[in-house]
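Grab a coffee and work through these short exercises with the model open beside you. Each one has a task, then a solution in steps.

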Amino acid sequence: MIFAVLIPLLIACFIPALSKLKEKIHTGIFVFFIPFLIFLYFVTFIGNDFTPTMEQYNWIPSLGINFDLYLDGLSLLFVLLISGIGSLVVLYSIYYLDKSERLGHFYVYLLMFMSAMLGVVLSDNIFVLYTFWELTSISSFLLIGYWHFKERSRYGALKSMLITVFGGLSMLGGFILLYVVTGTTSIQQMITQVDFILNSNYLPLILGFILLGAFTKSAQFPFHIWLPDAMEAPTPVSAYLHSATMVKAGLFLVARFSPIFSGYEAFFIIVSVFGIATLCWGAYMSVRQTDLKAILAFSTISQLGMIMAMLGFGTKAAVFAAVFHILNHATFKGSLFMVAGIVDHETGTRDIRKLGGLATLMPVTATLAMFGTFSMAGVPLPFLNGYYSKELFFEASLGLGADFWSQTIPFLAVLGSIFTFVYSMYLFFGTFTGKKHLDKLPKKPHEAPIGMLISPIILVVGVITIGLFPNMVNSSFLQHAAAAINSSVTYKDVTFWHGFIPPFKMSLAVVGIGTVLFLTRKKWQGIYQFLPGKVSFNRIYDGILNQIGQVSTRITNYYMTGSLRTYMSLILGTMLIVSFLFMFLTDGFAFSTNELANISFIEVAVVGIMIIAAIATIYMNHNVAAILVVGVVGFGVAILFVIYRAPDIALTQLVIETITVALFLLCFYHLPKLRKSSDTPRTKLMNAIISIGFGTLITLVAISSHSSRWFESIANYFVENSKPLGGGYNIVNVILVDFRGLDTLFEIAVLGIAALAIVGLIKYKKNKEAE
Amino acid sequence: MEIITSILAGVLFATAIYNMLQKQLLRIVIGTALLSHGAHILIFTMGKLKTGQPPILTDGIENYTDPLPQALILTSIVISFGVTSLLLVLAYRSTQENGTDNMEELRGNENE
């Protein structure tokens, strides 16, 4: 199983090399075999007697992060979708993408996504799951932005990335809390500890964080806004990521965590409310669209809402209907996206207002579209799988409870489905029937090449097969998938005709009212434009993004002035505040007068002169005078070293100070004269505060370090071992050349680098003159 | 006496930083020179002052001053010399190339 997850990633490494051959062999042909083999591998698991399996691999055991893969009915449904639809999409893309495109990039991203998505649905470890989850967002970002020269593509890519990654991070927060509460990182082990989680104070937070991740990923209202913009991706990507697989990761997450949250009523209420709201809003918005892919995008949003709502109902019938619809939606919506791609490819436009009457020109495509749209609309015909799950949805929406809100759900379900019916009909009849406007089309349309038709044909065959023999998929894996979400689900036959029962009446109402609305749609156009009017969620998103940009620019410009002095003040000021705070909070200040050395007049005199000289450097406005004053400080340091019995450093200090003064004199001669400071009193005051504050800090640190002895001095070690180990009498010298010899080596290296830099600086001047 | 040298270190740091916050490159170089002096005095004060004889092994003497701060300072003196001379040359060259030694005029361009 682990190979199934990782092989796409491994193969992706070879794609750049293979894409060099693209003039001879389309890169997609190599890629096609990967999802196809994975599909064949997982098909072997299908069967009535399926039992979940677990594979464990150690990854970071010290952190409890193991690469555990868990295959149950739910994962099986998803891996089959990912690999199955993946194979068809790759096949379709071979004809959709011209050899002049950057095929290498496309297939690398696609394979990356495949690995990531398989990882999401198979991981048992929450942190592994999270990693793959974010990887799907990243590959989706790359695929949406595939035609990166288009402004809309970049906008859509960024939008989807920001929204889904925001949700992903929130989900990570939920996962961490779950880990804190249960002490395990395995989902299956968490399910055994449900009581712990349900009694935890963090439960509302956990639920909120995880649902936010699921809702953003599955484009639930009001986070749905990224999905329509994601349609800028090449159509195979839209069919694959943004309808069949990635957007269902949120549903997967809700389903996966259903056993954990099933004891918590808020879970069902929140998921149902968001699901129903998304169903209605998405279907309503879809009716107003004129772009084929935009219609499909909003339709996907609404269908995702419907599945989400069913997961929210949580009853046996609802959960089964949810997994059934996940499968059905992937088949009919996948084929519809491919049809939209074909229409776009052959006519050069996706604007439904310019299209019409294509049925006679593209009969095969039109037939495929008819099956897809009618299945999506839930027309009660025995060979359309969409009808079965739609009717199960109606059945599940009835009888949820006696209170007012539960009673409204069937009506909202019907309302959303009516809009679904209207846009489905519009999609089909608007494109394939009616008047032809061939003059408005950029290209002269004709039937698509057979290669492009294979994938949608297979999907439509799937639609019909599932429609005719629903129990074939039901017994072999749908029942296992439903049982993984709600263990009380048992096998139940799915039949077309139940009699004249309420769900069937609801379907008839949808078809009836829908037909009326569709036929009279011209009269309603004004109303469709009325909502949402100016207050749209896109505006809110754009506004927020714009504001974030502006505010951070303003903040950055405020302190990034380009003036090094300002930076210096900021750094020193921060250091000052942090150090004082730290010293204060940890009670670090200490003051003791024990063991102080004697004070003699000569020392005080030297120190006094040094202090005066140091302060004088600030007021000196003459180059030579300033150097001399600095020299006074330097020689004062040397005298102190002599007094305090440090002959070696006193000597060094004397030599170095002499050279430094000479060097200063040499350079100062060429430098502009010192001037009086022209700063405003305010700047001067700020500088004074910072420097005096720093001086005080240093004094306090020095006194505190003297006053507190936490360890014995290690000086005795050097005193005792200087002769036996180092073979020298001068202890300081022995430390330098022996005990800490490497430090001295580096010190020499620093000097060498400084010397080279100086030579470089001077050379640079000569070269300049040569020009 | 340690308290007095502590204050000296503080004063050296304060004046060093005040100089480093000035506009003129020269003052900044002076500031760094003062800063290293301050650091040396600080390290020196942290080891105790005048607790024994100079750290050169001599027969009959057991008590020596702490040699470790001295070794550290010796290294530091040499390095600060390297830094100061590099800064001096840098200041000199930068003044020559840019025609100004005023930090406020030495800013990056907006478009860089």
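**Exercise 1. Work out how open A:R645 is to solvent, and what its backbone does.**

Step 1: A:R645 is partly exposed because its relative accessible area is 29%, and the partly exposed class sits between buried (under 20%) and exposed (over 50%), using a 1.4 Å probe and protein chains only.
Step 2: Find A:R645 in the loop between helix 27 (623-643) and helix 28 (647-668) of chain A. Helices here are DSSP runs of H or I with at least four residues, strands are E runs of at least two, and both are numbered from the N terminus.
Step 3: Check phi: for A:R645 it is near 60°, a positive value in a residue other than glycine. Most residues other than glycine have a negative phi, and most peptide bonds are trans.

Before you go on, some housekeeping: this is a predicted model, where local features need pLDDT of at least 70, side-chain atom pairs count only at pLDDT 80 or more, and totals for chains, interfaces and linings use all residues. Residues are numbered from 1 along each chain as its sequence is written, chains are lettered from A and ligands numbered from 1 in the order in which they are written, and side-chain values use heavy atoms, leaving out hydrogens and water.

**Exercise 2. Describe the loop between helix 10 and helix 11 of chain A.**

Step 1: Place the loop: helix 10 covers 203-217 and helix 11 covers 226-229, with A:P222 in between.
Step 2: Look at the bond joining A:F221 and A:P222: this peptide bond is cis, with omega about 0°.
Step 3: Turn to A:A219, which is in this loop too. A:A219 isn't a glycine, yet its phi is positive, about 50°.
Step 4: A:A219 counts as buried because its relative accessible area is 0%.

**Exercise 3. How many disulfides are found over all chains?**

Step 1: Take the criterion, a pair of cysteine sulfur atoms within 2.5 Å.
Step 2: Searching the whole structure gives 0 disulfides.
Step 3: Compare two cysteines: A:C13 is exposed, at 57% relative accessible area, whereas A:C280 is buried, at 14%.

**Exercise 4. Which secondary structure fills residues 123-408 of chain A?**

Step 1: An unreviewed UniProt entry lists this stretch as "domain: NADH:quinone oxidoreductase/Mrp antiporter transmembrane". Positions follow the numbering used here, the feature name is shortened, and annotations may be inferred rather than shown by experiment.
Step 2: The stretch is 75% helix and 0% strand, with its end C-alpha atoms 38 Å apart.
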